[in-house]
Amino acid sequence: MKKVKLLFKALLSLWIVYNIFVMLVMPNVGAYFGRVTANVVTPYANTVGLNAGWNFFSPEPAHPMYLKYTVYYPEAEIQEGESSSEEREPVEGFFPVQNDKRNVPNITHKREWALMRYMVLDAKRLRLLMGPWLCRQYPGAASIAMEHVIETIPFLDQAVRFQDESVKDLSKEVQSVRETVSCQGGMDEESL
Amino acid sequence: MMKKLWAQWDEFWFAPQSLLGLAYMRIMLCGTLLYMNITRFYNLEFYTDSSWIPRVRALEVMPELGRPLFMWMFWPDSINFAMNLVLVVFLALLTLGIGGRWLMWITWIINAGFLQRNYAVNFGADIIGALFLFYMSFTQSCERLSLKNVLLGKTQFHQSDVLSSAMIRMMQVQISVIYAYTGWEKLKGGSWWDGTALWSVLANPQMTTMDFSFLRHFPWVIPVIGYVTILFEIYFPAMVVWHRTRYLCLLLGLSFHAGIGIFMGLMPFATVMVSTYFLFLDPQLLEAVLAKARAVLHRPKATQAA
């Protein structure tokens, strides 16, 4: 019994060393140790949830941002003697919804913000994931143009110097990633 | 020499420990996950093909080096409601101390399945909560502070077995590594060095629950809190190991997370992180708190009887 316990402790000790190594390497997996040990580290880490980087609000905290989109509808075919009154105007929207009045838990908002931040990091994600979803939200749409808008927070020194102005007035709007998707026709089998 | 080293290793990782701290942690962690999974009922469409991420792309959306070998989500999207209900029931049982390693294992798998199904909607509390649930699933977390003990009138409790002891230590190491990394990552940022990073957080209406722009009238507060945050995070492992600074460090952490929870609306993240603090508290202190709580609970009965 004592031998079995000792063997168990020995095996557990091996796992302890391995797990600590994984927990130290994974947050910085792109570094040398991560690159050379990726084959033995990542399958385990990715299965149990150790595949995270602990970079909260870092290296720089994010500025206020959102996804702005414009939905375009097909041009109406104008036949002789008819007016073009059926043509639908483009619709502008934001994701996440601004001034959200929905009665949902705060976590829903957090999840939508997390999703938006994930999407705007790469135009491909907008094209392959966000675009098709928006097309489904607006049946009949021809295309959707999306852009990542960042409202920069003024530097602290600036905010202190111009105390009479609101932070909003001191901030600047910057457009980052832009992408347009067609809502008509099949999507390419493009990988992410 | 080797014998002495092994004895020290054995003592550190495998010596029996009180399971009370772990039980407090279980209540806080499982309670938080219970709340988060109840709110998931509002968002079940996030985990279906009608959302942003079709099932076939669920793993593909993760960074290449972070992709699991397989998906823990063994059920089809169509029964998400039922699976979330099962998860909520299991978490409720575990919060009450009913269940054990197997129940927590299954709970962890279902929870991990949801997290993998839509990786893009996860935030800090999901990731860290799931990680600690994984470690906790190897422990005797329901030995203390359990409804079952109350119903059965159990008054004698076991100390931790070898596996539970190792996992309690591993969770202590894990939380220390998380803090240290968050501090190191901040050092990469110019605005954290500059002392103004916290301004970008507090002046960001998307991140806060109230308007903090008044802080520009007291600008020195911002770098002070910013530097204290970095020092706290980087030195957490050292401060929590040394008994003289342990309680100061935990108190700092508590205020830090209370601030994040209240003013940034990240309460689940705060409670997940703080739940691990129970593992660093003196078991005698925890027993004393429990005894006092029992005394308060039994006082009205005694008064009634008198």
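I began with the contacts within chain A, taking two residues to be in contact if their C-beta atoms, placed from the backbone, lie within 7 Å, and found that, among contacts between residues at least 6 apart in sequence, 62% join residues at least 24 apart.

I noted that this is a predicted model, in which local features need pLDDT of at least 70 and side-chain atom pairs count only at pLDDT 80 or more, while totals for chains, interfaces and linings use all residues. Residues are numbered from 1 along each chain as its sequence is written, with chains lettered from A and ligands numbered from 1 in the order in which they are written.

I then looked up the overall form of chain A. Its radius of gyration (taken over C-alpha atoms) is 25 Å, whereas a compact globule of 192 residues would have one near 16 Å, by the rule of 2.2 Å times the number of residues to the power 0.38. The C-alpha trace of chain A spans about 95 × 55 × 35 Å along its principal axes.

For secondary structure I used DSSP runs numbered from the N terminus, with helices being H or I of at least four residues and strands E of at least two. Chain A holds six helices and four strands, and from the N terminus on they run α-α-β-β-α-α-β-α-α-β.

Last, I turned to the contact between the chains, to which chain B brings 60 residues and chain A 54 residues. On the side of chain B that touches chain A, α7(B) gives the most, with eleven residues.
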